[in-house]
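Trainee: Could you walk me through reading a structure like this one? I would like to start with a single residue and build up from there.

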Amino acid sequence: MSDTLHLGKASSLPESPEAAVLDFPANPRPGLDYLVRFAVPEFTSLCPVTGAPDFAHLVIDYVPDARIVESKSLKLWLGSFRNHAGFHEDVTVGIGARLVAEMAPKWLRIGGYWYPRGGIPIDVFWQSGPAPAGLWLPDQGVPGYRGRG
């Protein structure tokens, strides 16, 4: 595709989330409301205090408008968080907010299901506004943390 930087080309992991460039090709089904889901079960970032790794299962749902996000560029951007220090809340909401700012979808939500640190799992949820009327919106499918139970 001529309107993408990464698809079909050799691309390396960006040094930071800020340095990453996301590709947004044209929506192949403009005028239709449909849900796109990205599940990222092995997301990592760093604790901003200790530098220790934090792990999460992210689920990103969105309804495209004029553009979609290309999955390879999304994968590279999310991978760059391995070197990024941020609290769970900032990382989760920041991912959703950047996608909304750059892609301008009709609607987006993100669930960040963070694995426990210090014995407490933290789940962070954000959405850009109400979902479009009539949209089929399945559950994100990530069970609450149960530990050994």
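**Reading the sheet and its side chains**

Mentor: Let's begin with Phe-55, which counts as partly exposed because its relative accessibility is 42%. Buried means under 20% relative accessible area, exposed means over 50%, and partly exposed is in between (1.4 Å probe, protein chains only). Before we go on, note that this is a predicted model: local features need pLDDT of at least 70, side-chain atom pairs count only at pLDDT 80 or more, and totals for chains, interfaces and linings use all residues. Residues are numbered from 1 along each chain as its sequence is written, and side-chain values use heavy atoms, with hydrogens and water left out.

Trainee: Which residues form a nonpolar patch with Phe-55 on the surface?

Mentor: Patches are made of residues with over 30% relative accessible area and no salt bridge; like charges are joined within 9 Å, and nonpolar side chains (Val, Leu, Ile, Met, Phe, Trp, Tyr) within 5 Å. Here Phe-55 joins Tyr-115 and Tyr-145, and together they have about 330 Å² of accessible area. Such areas come from the Shrake-Rupley method with a 1.4 Å probe, and for residues only the protein chains shown count as cover. Phe-55 itself sits in strand S2. Helices (H or I, at least four residues) and strands (E, at least two) are DSSP runs, numbered from the N terminus.

Trainee: Now the sheet: what is the order of its strands?

Mentor: The general idea is that strands of a sheet pair through backbone hydrogen bonds, either parallel or antiparallel. Two strands count as paired if DSSP finds at least two bridges between them. In this model, four strands make an open sheet in the order S1-S2-S3-S4, with antiparallel pairing. S1 and strand S4 (120–127) stand at the edges with a single partner strand each, so one side of each has no neighbour in the sheet. From one strand to the next, the twist averages 15°; axes for such angles are lines fitted to C-alpha atoms, for helices over the stretch in contact, and angles run from 0 to 180 degrees between N-to-C directions.

Trainee: How many bridges join S1 to S2?

Mentor: Nine bridges join that antiparallel pair; one residue to look at is Val-36, whose bridge partner in S2 is Tyr-62. S1 and S2 also form a hairpin with six residues between them, and Gly-51 in the turn has a positive phi of about 80°. At S3 and S4, the antiparallel pairing runs over seven bridges, and Trp-114 has Ile-122 in S4 as its bridge partner.

Trainee: Next, the rings: how many aromatic pairs does the count come to?

Mentor: Rings of Phe, Tyr and Trp (its six-membered ring) pair if their centres lie within 6.5 Å; planes under 30 degrees apart count as stacked, over 60 as edge-to-face and the rest as tilted. The count comes to five aromatic pairs. Phe-38 and Tyr-62 are stacked, because their ring centres are 6.4 Å apart and their planes lie at 15°. That pair links Phe-38 in strand S1 (residues 36–46) to Tyr-62 in strand S2 (residues 53–63), 24 residues apart. Both Phe-38 and Tyr-62 are buried. Phe-43 and Trp-114 are edge-to-face, at 5.8 Å centre to centre and 85° between the planes. Phe-43 is in strand S1 and Trp-114 in strand S3 (residues 107–117), so this pair ties together parts 71 residues apart in sequence. Ring pairs also link Phe-43, Trp-77, Phe-81 and Trp-114 into a cluster.

Trainee: And the charged side chains: how many salt bridges does a search of the whole structure find?

Mentor: Side chains of opposite charge can pair when their charged atoms come close. A salt bridge here is a side-chain nitrogen of Lys or Arg within 4 Å of a carboxyl oxygen of Asp or Glu. The search finds five. One of them joins Arg-117 to Asp-54, with the closest N and O atoms 2.4 Å apart. Arg-117 lies in strand S3 and Asp-54 in strand S2, so the pair ties together parts 63 residues apart in sequence.

Trainee: Is Asp-54 buried or exposed?

Mentor: Asp-54 is buried, with a relative accessible area of 4%, whereas Arg-117 counts as partly exposed at 34% relative accessibility. Another salt bridge joins Arg-109 to Asp-61, at 2.8 Å between the closest N and O atoms. Asp-61 is buried at 0% relative accessibility, and salt bridges link Arg-37, Asp-61 and Arg-109 in a network.
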